[in-house]
Amino acid sequence: MYNKALKNCHDLMNQDQHIYFAFQKQSDELKKEYQIKLLTSIDCIRFLLCQGLAFCGRDESLDSSNRRNFLELLSFLANHNDVTNEVVVGRMQKNLKLTSLVIQKDIVNVIACEIRNSIIKDLGDDYFAILVDESRDVSGKEQMVVVLRYVDKRGFIIERLLGIVHVTETTVLSLKSALENLLFKHDLSLSRIRGQGYDGASNMRGKFNGLKSLIMKENQAAHYIYSQAIDSGEIQSRRELNQETNLKRASDIRCGSHYASLLNLLDIEKIVLEKRAESRVLMDYLYYFEFAFSLYLMKAILRITNDLSVLLQRKDQDILNAMKQVRVSKTRLQNMRDEGRDSLLCEVSTFCNVNSKLLTCIACLSPNDSFSSFNKDSLMEFATFYPSKFSNVEPVTLDNQLENYIVDMQSDEEFLEVKGIDNLARKLVETKRNVVYPLVYLLLKLALILLMATTTVERVFSNMKYIKNQLKNQIGNDWLNNCMLTFIEKGCI
């Protein structure tokens, strides 16, 4: 008995045989195996996300000849690495495979959250603009895309996808509610918006016109300028523009061609402030109230009668429906005459005043031709469009800073070769002049935020065809949002 008790005592004092260390040793091994499994799954998922590929298939059983992308890729990686093959395939516990669709979605959600956090961190507490559009996906669901546009700490213009939101209704209030909820989810608010962008087609449908107005009621500094064909913050010349923005020639016998010509003329307005003198003269005429009033009146009339015009040009000559469209057009024209005067005048006034003033002020920031476009008074007026930021700034402070700024710029050879306000912003940050002239740099950032095109939003909808198509039309809303974000913002992964 004594010898047995002594042996038990020695065993107890021998820490290597203690049950705790036995469990700890086994636990460390399991942790290593778990880490290998998890990292292998994450690598497969990242590859599929970046390529916009589907994850799972209908038959993922061991007997299946094609277990689809995720499991096939996982098997491929395992077959080319002995350690991975032994852990992932050879000794994988049945209840810890890390290959189920639920686990895949959890990992994708974590990756998407990291990307969003990276974007929000890069934005910081600075101002931003929103680019918004809405379209139906392949399953018929209405999806609203929201893109943030801001200037980062290096002075670069950044446009990042914030999210895709499924909207059950496309009314103005529904769109605004969906937008607010998305911003609130990421600790953003309408009060920080300093620009709005919608493409011409969605703006013509009217609902984004209403959304724009609702946002501006809450935030007057969330200015909207018709989406502009601008590249890298500098307005291009006519030869550099996409040919679709050129004026269409109106046909003498087709009213629809006149409507298209008016819409294209409004698109040409988006390319204002070209350097050539004749172009500037034409733009001056465009901003005359009489011309703008006629332009918007004819646009409204031809928009109402466009369906009738198209119907009358059909080969089958559907006279019955054409007569109904005549009555519809007459009713709408009468309603416009009775009730549409105020809204028309408001639209024309906004076109003539806000757009022309803002764009003229922004042009004064251009560094081209040794800052020849600089105009202190116009830049002082530009600041008045953002009262919440400049109301506490004494005018003399901004005035003096602008005076020092232009003398500094025109006497520094390093800045005389700069072209475009986007390059100017980066150069100011590079030379730390953004710290010396913080108010001028703020004006520059606001201008860069405001000058926007909607190409990023259009690319999102184009890429959606890869993520959600006829073969993958059952993708849920959250899954679509996460996959789209990780696919488009793959550089942040």
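# Exercises on a four-stranded sheet and its helices

In this predicted model, four strands form an open sheet of mixed pairing, in the order β3-β2-β1-β4. The exercises below begin with that sheet and then turn to the helices.

## Exercise 1. The edges of the sheet

Identify the edge strands of the sheet and state the average twist.

Solution. An edge strand pairs on one side only, and this holds for β3 (157–166) and β4 (193–197). From one strand to the next, the twist averages 25°.

## Exercise 2. The partners of β1

Determine how strand β1 is joined to β2 and to β4.

Solution. Step one concerns β2. Strand β1 (residues 128–136) and strand β2 (residues 142–151) run antiparallel and are joined by eight bridges. One position in this pairing is D133, whose bridge partner in β2 is V145. The two strands form a hairpin with five residues between them, and G140 in the turn has a positive phi of about 90°.

Step two concerns β4. Here the strands run parallel, and four bridges join β1 to β4.

Step three takes a single residue, L131. On one strand, β2, L131 stands opposite V147; on β4, L131 stands opposite G197.

## Exercise 3. The surroundings of β1

Decide whether β1 is largely enclosed or not, using the cut-off for burial.

Solution. A residue counts as buried when its relative accessible area is under 20%. Seven of the nine residues of β1 are buried, so the strand is largely enclosed by the rest of the structure. For the protein chain of 493 residues, buried residues make up 44%.

## Exercise 4. Helices on the sheet

Describe how α21 and α23 are placed on the strands.

Solution. Helix α21 (residues 438–450) packs on the sheet and touches β1, β2, β3 and β4. The direction of α21 makes about 155° with that of β2. Helix α23 lies across β2 and β3, and runs at about 165° to β3.

## Exercise 5. The packing of α5 and α23

Characterise the geometry of the α5 and α23 pair and the residues that make the contact.

Solution. Two packed helices are described by the angle between their axes and the distance between the axes. For helix α5 (residues 101–123) and helix α23 (residues 477–488), the axes come within 9 Å and cross at roughly 55°. The two helices are therefore oblique to each other. Their crossing is left-handed.

The contact can then be listed by helix:

- α5 contributes Q104, K105, V108, N109, I111, A112, I115 and R116.
- α23 contributes W479, N481, N482, L485 and T486.

By class, the residues of this contact divide into six nonpolar, five polar and two charged.

## Exercise 6. The setting of S213

State where S213 is found, and whether S213 is buried, exposed or partly exposed.

Solution. S213 is found in helix α8 (residues 207–218). The relative accessible area of S213 is 37%. Buried means under 20% and exposed over 50%, and S213 is therefore partly exposed. V172 is 41 residues from S213 along the chain, and the C-alpha atoms of the two are separated by 9.7 Å.

## Exercise 7. The chain as a whole

Summarise the elements of the protein chain and the share of its contacts between residues 24 or more positions apart.

Solution. The protein chain has 23 helices and six strands. Of its contacts with a separation of 6 or more, 68% are between residues 24 or more positions apart.

Terms used
Residues numbered from 1 in each chain as written. Predicted model: local features only at pLDDT ≥ 70, side-chain atom pairs only at ≥ 80, totals over all residues. Heavy atoms only, no water. Axes fitted to C-alpha atoms, helices over the stretch in contact; angles between N-to-C directions. Parallel < 35°, antiparallel > 145°, perpendicular 65-115°, else oblique. Left-handed = near helix turned anticlockwise from the far one by under 90°. Contact = heavy atoms within 4.5 Å. Nonpolar A, V, L, I, M, F, W, Y, C, P; charged D, E, K, R; others polar. Pairing = 2+ DSSP bridges. Buried < 20%, exposed > 50% of the residue type's maximum accessible area, 1.4 Å probe, protein only.
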